[in-house]
Amino acid sequence: MSPSDMQELPVNIPGNQRDREGSNGRRLPDDASNNAAQSAAGGNNVVNYSGQIMFNWQASRLTVKDRLAFIFNKEILSDVHFIVGKGAQQQRIPAHKFILSVGSAVFDAMFNGAMATTSDEIELPDVEPAAFLALLRFLYSDEVQIGPETVMMTLYTAKKYAVPALEKACVDFLKSNLSSDNAFMLLTQARLFDEPQLAALCLETIDKYTSEALGAEGFTDIDHETLCVVLERDTLRIREAKLFNAVVRWAEQESIRQNLTVNAENLRLLLGRALHLIRFPIMTVEEFAVGPAQANILTDKEIVSLFLYFTVNPKPPINFPDVPRCCITGKEQTVCRFQQSESRWGYSGTSDRIRFMVDRKIYVVGFGLYGSIHGPADYTVNIQIIHTGTGKLLGSNDTSFSCDGSASTFRVMFKTPVEIIPSNNYTACATLKGPDSHYGTKGLRKITLDCPSGGKVTFLYTYAAGNNNGTSVEDGQIPEIIFYT
């Protein structure tokens, strides 16, 4: 036999049992087997009854990668079969132990470890056929073939069989397709599959597009623990009253899933810890009165204590968090417009006011105010930001603060950040009730600060005409504006 004749001979010699069987194990007729052998000897590829090329397929595939990719999902040389899926969707998929063992430590242990299986058929009822084929395709060819409908099950399969490169490809696909519409669904899956980086990106998307994400279909399908994770965040961009309505909607859907009657008692039961993560104290009294107070989910005692919180000073203890949700991220900054302080500044019910303008968008979260010259004292205060041109009230809070008698400033915060648009005039107002205080002098009309996120921000201060308790650009109250960029 010449070397050239040897190159044309098939690897699987005709007449062997393997070559006389189709993919379903059915023995081929002798004439079909003989015809296949004759065609192979002539250098032609021959297709068997199952539509698979049997002979000399190696000749036209010049690299190992091409040859391995060719035998993916084919009976050629296969030595194991997987019965994948359940019911009508179940598939019998051929594979090659050596290739799987090279690509996966789990398969290596399955076929070659101390407890190696001796079965040639392995059932995988918990895996979908499309996902398992995507895994095998990757192991045979390094090709990633995933789509929106298969990516989550492929991720599950890749993690199950310890194929980190395919895991990463699935996570990268999810990241590139992440949006407010699917953020909650992907967050649930990311937590289930222990993908912290993907979970963090989902939470950032929810922070940025909170209203849209809460309105998406996937929100009401999340589990209770995921709901609590979201409610614990300080960076949701939504008013608390709207967040409460969304949470009630989730509880209603959960009642239906658990075949419970949708009523206030069951809603409270299902919400559990989540109810006490809602920040009722940062709502306005009007929002609370027309919404949560009438939803019958809170107890009478809770409703009374919250109304007291809204209306009296000092504020009584409350069983709900009262820290404002800051809808911006980054580093807090403070601009101080005075170069020194003096004594004394009095109060008789008139607001201290100062106008300001900035050259880039910022979010004001509070003011720094001067306190008592007579030692430790308490003040009640109303702070506001008004759009000067329209007179629209953009932010307001009735609160209190304690001071230690020093010339330091003391923080007074808004319930939610107030967006300040460049080149617009705004009026900062503070109405204090308390003893005479320190005040600022040698005021600056223009102040420029560097921003941690890059660039600069410039504040321009101007006199607020009318009742201003004497505060001006040169001296007075409201020495500091606390903000984010």
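## Helix α16 and its two sides

Let's start on the outward side of one helix: in α16, Asp300, Lys301 and Thr311 are exposed, where exposed means over 50% relative accessible area, buried means under 20%, and partly exposed lies in between (1.4 Å probe, protein chains only). On the other hand, Glu302, Ile303, Leu306, Tyr309 and Phe310 of α16 are buried. Looking down the axis of α16, you find its buried residues within an arc of 120°, so they line one face of the helix; the arc is taken from the directions that lead from the helix axis to the C-beta atoms. A general rule helps here: an α-helix has 3.6 residues a turn, so residues three or four places apart point the same way.

What do the buried residues of α16 pack against? Their partners are α14 (264-271), α15 (285-290) and β10 (409-420), with contact meaning heavy atoms within 4.5 Å. Helix α16 covers residues 300-311, twelve in number, and reaches 17 Å from its first C-alpha to its last, close to the 16 Å expected at 1.5 Å a residue. That expected span is 1.5 Å times one less than the number of residues.

## About the model and the whole chain

This is a predicted model, in which local features need pLDDT of at least 70 and side-chain atom pairs count only at pLDDT 80 or more, while totals for chains, interfaces and linings use all residues. Residues are numbered from 1 along each chain as its sequence is written, and side-chain values use heavy atoms, leaving out hydrogens and water.

The chain has 16 helices and 15 strands; these are DSSP runs numbered from the N terminus, with helices being H or I of at least four residues and strands E of at least two. Of its 485 residues, 46% count as buried. Among contacts between residues at least 6 apart in sequence, 71% join residues at least 24 apart.

## A second helix, α8

Helix α8 (residues 164-176) has 13 residues, which should span 18 Å at 1.5 Å a residue, and its end C-alpha atoms are indeed 18 Å apart. Its buried residues are Leu166, Glu167, Ala169, Cys170, Val171 and Leu174. The cover over the buried residues of α8 includes α6 (129-141), α7 (151-160), α9 (183-192) and α10 (196-208).

## The six-stranded sheet

Now for the strands. Six of them form an open antiparallel sheet in the order β9-β8-β11-β6-β14-β13; two strands pair if DSSP finds at least two bridges between them. At the edges stand β9 (393-403) and β13 (446-450), each with a single partner strand, so one side of each is left without a neighbour in the sheet. Neighbouring strands here are turned by 25° against each other on average, direction ignored.

Strands β13 and β14 (residues 456-462) run antiparallel and are joined by five bridges. Asp450 stands opposite Lys456 in β14, and Lys446 has Leu460 of β14 as its bridge partner. The hairpin of β13 and β14 has five residues between the strands, and Gly454 takes a positive phi near 110° there.

## The three-stranded sheet

Another open sheet has three strands, in the order β2-β1-β3, with mixed pairing. Its edge strands, β2 (91-95) and β3 (121-124), each pair on one side only. Strand β1 (residues 80-84) pairs with β3 in the parallel sense over four bridges, and Phe82 stands opposite Ile122 in β3.

Helix α5 (residues 105-112) packs on this sheet, touching β1 and β3, and its direction makes about 120° with that of β1. Such angles run from 0 to 180 degrees between N-to-C directions, using axes that are lines fitted to C-alpha atoms, for helices over the stretch in contact.
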